[in-house]
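Work through the exercises below with the sequence and the model open. Try each task before reading its solution.

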Amino acid sequence: MSAPTGTSTEGLTQEELGLAARNHALPLEALRHPLTPAGLHYLLIHYDIPAVDPDTWRLEIGGAVERPVSLSLAELRERPSVTRAVTLECAGNGRARLEPRPVSQPWLTEAVGTAEWTGVALGALLEEASLRDDAVEVLFTGLDRGIEGGVEQDYERSLPVAEALGADALLAYEMGGAPLPPQHGFPLRLVIAGWYGMAHVKWLGSITALTEPFEGYQQAVGYRMYDADGQAGAPVTRMMPRSLTIPPGIPDFLTRARVVDAGPCRLEGRAWSGWAPVERVEVSVDGGASWADAQLGPEMDERAWRGWSWEWHAVAPGEYVVCSRATDAAGNVQPVEAPWNLKGYANNEVERIAVTVRA
């Protein structure tokens, strides 16, 4: 039986390598940082980084509102600011581990990062514009433009009104206390805590209140779960629980397999979920055959990942497979194997790290 259209059982294509060169993942050893340095934060750019003149740029808020609003960057900065630590993860994280492999940005497990974002609460601006009673969604339009699925488009995504007015929605103009880097959405981007990265529209140009659900490509076509026959299912929304381990020991250059000296070995990592705070992390050193509870660190912010640690007594030389899995307060448990889907979204199956313990 042949692989479904849009997937491959062969090596990476030139197009996939091109995407991998433009977009980059978090080096897993950088999980040691509670807040990810901007240059190490994962990055996915759908089209091109637009050239934006901050002196002439304005944010336009319109549509189903009583009072349209137009703001310069300076005027936004004059408003009360909010700073939040938020974990962002690409919806395609884990895609390259599926078989057959969906052909797209070939993420393994490292498409994640946590930063402090500073900006203006979105709800405050929407209240200033006074949403009409018939508004059902809020549309965010970026300044980046391209072709996807044969459709020429601005990058656009929408949120339900309740999400847009909620405490998790922020219009950020700073990352880590500095102006947004060009690749992260300068001069302004949406940050909506808990949602996969596609929802955090960068290079924001306009916000439009809608009286009907948005049916644009990125909303109705691009970010949905599809089965092998190409039938569209549920939309991609919030991040599923995931835990990652700071790789122990030292790596083999090509395979990234780890080598650890026999003796005590402290395993550490970070875990997150977009549905509820992480309340449990388990660790396995035998590929998931048995599990032990890790110790959770303090919560940095309910919108951000949480650190964990576990003491491994790696006294017997040999070959091991280290795994970790997260459970959130809503009862979602990270699976040992995740269901396959055509676009490779939300594959949160547990990591598997090959480790050699040497005498």
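**Exercise 1: a five-stranded sheet**

Task: find the residue in E8 that stands opposite Glu137, then place the two strands in their sheet.

Solution. Glu137 faces Pro160 of E8. The model is predicted: local features need pLDDT of at least 70, side-chain atom pairs count only at pLDDT 80 or more, and totals for chains, interfaces and linings use all residues. Residues are numbered from 1 along each chain as its sequence is written, and side-chain values use heavy atoms, without hydrogens and water.

Next, take the pairing. E7 (residues 137-148) runs antiparallel to E8, with nine bridges between them. Strands here are DSSP runs of E, at least two residues long, and helices are runs of H or I of at least four, both numbered from the N terminus. Two strands pair if DSSP finds at least two bridges between them.

Now widen the view. The open sheet has five strands in the order E3-E2-E12-E7-E8, and its pairing is mixed. E3 (69-72) and E8 (151-160) each have a single partner strand, so one side of each lacks a neighbour in the sheet. From one strand to the next, the twist averages 25 degrees.

Last, add the helix. H3 (residues 122-129) packs on this sheet and touches E2 (58-63), E3, E7 and E12 (204-210). Contact means heavy atoms within 4.5 Å. The direction of H3 makes about 55 degrees with that of E2; axes are lines fitted to C-alpha atoms, for helices over the stretch in contact, and angles run from 0 to 180 degrees between N-to-C directions.

**Exercise 2: a six-stranded sheet**

Task: which residue in E24 is the bridge partner of Val260?

Solution. The partner is Val357. E17 (residues 258-261) and E24 (residues 353-358) run parallel, joined by four bridges. Their open sheet has six strands, ordered E16-E17-E24-E23-E19-E20, with mixed pairing. E16 (250-251) and E20 (292-293) are the edge strands, each pairing on one side only.

**Exercise 3: a salt bridge**

Task: which residue forms a salt bridge with Arg101, and where do the two partners lie?

Solution. The partner is Glu16, with the closest N and O atoms 2.8 Å apart. A salt bridge is a side-chain nitrogen of Lys or Arg within 4 Å of a carboxyl oxygen of Asp or Glu. Arg101 lies in E5 (residues 101-102) and Glu16 in H1 (residues 14-22). The pair links distant parts of the chain, 85 residues apart. The structure holds 17 salt bridges.
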